Amino acid sequence: LNKRQALTLFGNDISPIVLEVEFQTKDRLRFRLYDPNKQRFEVPLKIDGPGVTAEEANYEVEFSDDSTHFTVKRKSTGTVLWDSALVDLFFSNQFLQITTTVPSSSVYGFGEHEHPTFKHNMDFVTYGMFSRDQSPASFANLYGVHPFYMCVEPDSNAHGVLLLNSNAQDVTLSPNPSLTFRTIGGILDFYLFMGPTPENVVQQYTEAIGRPHMPAYWSLGFQLSRWGYNSLDVLKETVDRMKHYDIPYDVQHYDIDYMERRLDFTYDKVNFAGLPEFIKEMKKDGKHNIVILDSRKQQAEKAGPLGRQGVPGYSAAKARSSAKEATRAWQWQPGSRPPLKERERERRGERGRGSCQQLPQPHPLAAQFSRDLCPSERSSQIREWFVSFAGISDRSLSEKTLCPDSKTYLGDHYNTHSLFGWSQTEPTFNAVQQATGKRAFVLSRSTFVGSGKHGAHWLGDNFSQWKDLRRSIVGILEFNLFGIPYIGADICGFNYNATYELCLRWMQLGSFYPFSRNHNAEGNSEQDPAVFGDAFAKISRATLRIRYSLLPYLYTLFYESHVHGGTVVRSLMHEFTSDQETHGIDTAFLWGSAFMIAPVLEEATRSVTVYFPEAQWFDYYTVLPSAWKKNYATVSAPLNKIPLYIRGGYILPQQEPATTTTESRLNPFGLIIALDEQGQASGSLFWDDGDSIDTVENENYFLAKYTFSKVSGYI
């Protein structure tokens, strides 16, 4: 592309640029725009494909005669999936922009943000993407960066598109419908995934970026956490009342208040005296323990098992500015500390393994935070190019993080800021597995494209408000699209004090998050399910026992996601794509194809309006078939009940529940057989020891596939 008429307002326009098209697989197309004369930053995530011919591909690529227009079509239908006028392309040193039409307004994805609906509003809405430590706020750029979307076409086929770029960026959704991508660095590196079903799109996407990891079975149990126990005595009281009410409960988290002066690999020997012994007792009771580790560097001082070394690596997070001065990062923002050099990453793993082995073997939880480390005099020397973009909070690239001109192992912090959590997840994952000999549990708030291969995510510092309860469903659906199916929100909310009814309804909904954890902040009231009294505890216990009884089904879904790369939680649209009514529904969701959860999301409400797509549905509690198909119905939802439904045509494995998965895994199995209108059903069960590394890859597992026909009466 030699003669481009579109010039930016910022100068340093680049010409010529190259548009390179790569037919990677029959369902994956790569096209990228770059400067052929100078190497620019590219995300170090390698996505290869065997390569196919144009005849083999399910897409067609077309250029106008004068090379001013670039189009991608679905070969089978002729639907235009991507259509860009290249004369309108901007490509300067620090401002890149491209616009494409999309075939419909059913667009999903882009993250990480909090917004009210799963299906995006296309009325000139802009989403910024630049990792940021801030509590969820409408349309603000949050902890992760996922420039990926899925679009459902008018004929119900679906496709997905990834912009592989880690610079500060935003996307504007317009009612044409069209999308405008803007970024301030790197290249325009796009991947298109052909589907044609929503599940196919996610499978193809994770084939490219990495399949989701296989979680340990125990990590699917209920988890309890609090920043602010502040003493072992308070924690023991919490554990005792959970035991008193026999509430299912597998994992206890320990936040930074367990530490000595908040130093990693230490514990407070005054307020948490006896912690190692307590952790051992919890393990004897069949529970698991997870400690938080701030992924930062500490001053060299005596600090736990590492002596004067503090956390693995050097004494402080180090980067170097363009002025050659050292920069030290302390805490607390995702993306704040530069990714470690390869040898430092190895040392982090080596020392981390040693430190974990010297503790009473809890599982580490990595968290990334930081202070603002860009003094005003340096910041003023760096043009804040994003000031014209609507999508980045505070219009700043240096808020609570290093200066953009800092140098890191992966490149300039200007380019690599949003890669921090992603770069830390894999070495942490490997260190934990080498230290414990078991599957790692790595939970990171900061994520990027491909983070699901080694880590899990939670939706951050939410609020004890009804809107946060509702919007958590949107976040969980989106992260399943992003290839991070092990996802949840802080049950009952992190900030503020939860009311009785809000927390109860949240416990009901949270019992069906893939990652089910109750957690809140220092200074707020206790909100564990045993603290509100007998009635609350009884209802929470009953709902969690439903979860525990269905864990074999949930675990099988994670196996399928790990092997085939699809979703665990999905929207009704995902399964009933041709039903236009489902495209905007995000108040109910599915586990896999077969189990629908329809929670209460509003205060003082004792009924729920549920949409039943075209299928046979059975009430989970009564096992009676529903009379509704492809219609809405108002169903009863008293305070002690969350509406649940099973889809006909499926067999769900289940197991007698217990207080921990250690106990429940020893209990008898059963099958829920829900017949479709033809009197048939099918399903599967994946089973292994629940904790060993790579059981799927080593073929050390049991897989059963079930079919049932009313005609034969046999499974």
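## A tour from helix to disulfide

Begin by selecting helix 11, residues 551–564: at 1.5 Å a residue, its 14 residues should span 20 Å, and its end C-alpha atoms are 19 Å apart, which agrees. Keep in mind as you look around that this is a predicted model.

Stay here and colour the helix by how covered it is. How many of the 14 residues of helix 11 are buried? Eleven of them are, so the helix is mostly covered. Among the buried residues are Leu-551, Pro-552, Tyr-553, Leu-554 and Tyr-555. Further along, Phe-558, Tyr-559, Ser-561 and His-562 are also buried. Now step just past the end of the helix to Gly-565, which follows helix 11 and has a positive phi, near 90 degrees.

Next, select helix 2 (residues 232–244) together with helix 3 (residues 275–284). These two pack at an angle of about 15 degrees, and their axes are 11 Å apart. Angles under 35 degrees count as roughly parallel, and helix 2 and helix 3 are therefore roughly parallel to each other. Their crossing is left-handed.

Show the side chains to see who meets whom. From helix 2 come Leu-232, Leu-235, Lys-236 and Val-239, and they meet Leu-275, Phe-278 and Met-282 of helix 3. While you have both helices on screen, here is a handy thing to know: an α-helix has 3.6 residues a turn, so residues three or four places apart point the same way.

Now pick out Cys-492 and Cys-503. They form a disulfide, with their sulfur atoms 2.1 Å apart. Where does each partner sit? Cys-492 is in the loop between strand 25 (490–491) and helix 9 (500–510), while Cys-503 is in helix 9. The two cysteines are eleven residues apart. The structure holds one disulfide. Rotate to look along the S-S bond: the torsion about it is about 85 degrees, so this disulfide is right-handed. Both Cys-492 and Cys-503 are buried.

For another cysteine, select Cys-151, which counts as buried at 0% relative accessibility.

Finish at Val-61, in strand 3 (residues 59–63). Is Val-61 buried or partly exposed? With a relative accessible area of 23%, Val-61 is partly exposed, because buried means under 20%. Add Thr-71 to your selection: it is ten residues from Val-61 along the chain, and their C-alpha atoms are separated by 5.8 Å. Leaving aside neighbours within four places in sequence, Val-61 is in contact with Val-21, Phe-23, Leu-29, Phe-70, Thr-71 and Val-72.

Notes
Residues are numbered from 1 along each chain as its sequence is written. This is a predicted model: local features need pLDDT of at least 70, side-chain atom pairs count only at pLDDT 80 or more; totals for chains, interfaces and linings use all residues. Side-chain values use heavy atoms; hydrogens and water are left out. Helices (H or I, at least four residues) and strands (E, at least two) are DSSP runs, numbered from the N terminus. Buried means under 20% relative accessible area, exposed over 50%, partly exposed in between (1.4 Å probe, protein chains only). Contact means heavy atoms within 4.5 Å. The expected span of a helix is 1.5 Å times one less than its number of residues. A disulfide is a pair of cysteine sulfur atoms within 2.5 Å. Axes are lines fitted to C-alpha atoms, for helices over the stretch in contact, and angles run from 0 to 180 degrees between N-to-C directions. Angles under 35 degrees count as roughly parallel, over 145 as roughly antiparallel, 65 to 115 as roughly perpendicular and the rest as oblique. A crossing is left-handed if the near helix is turned anticlockwise from the far one by less than a right angle, and right-handed if clockwise.
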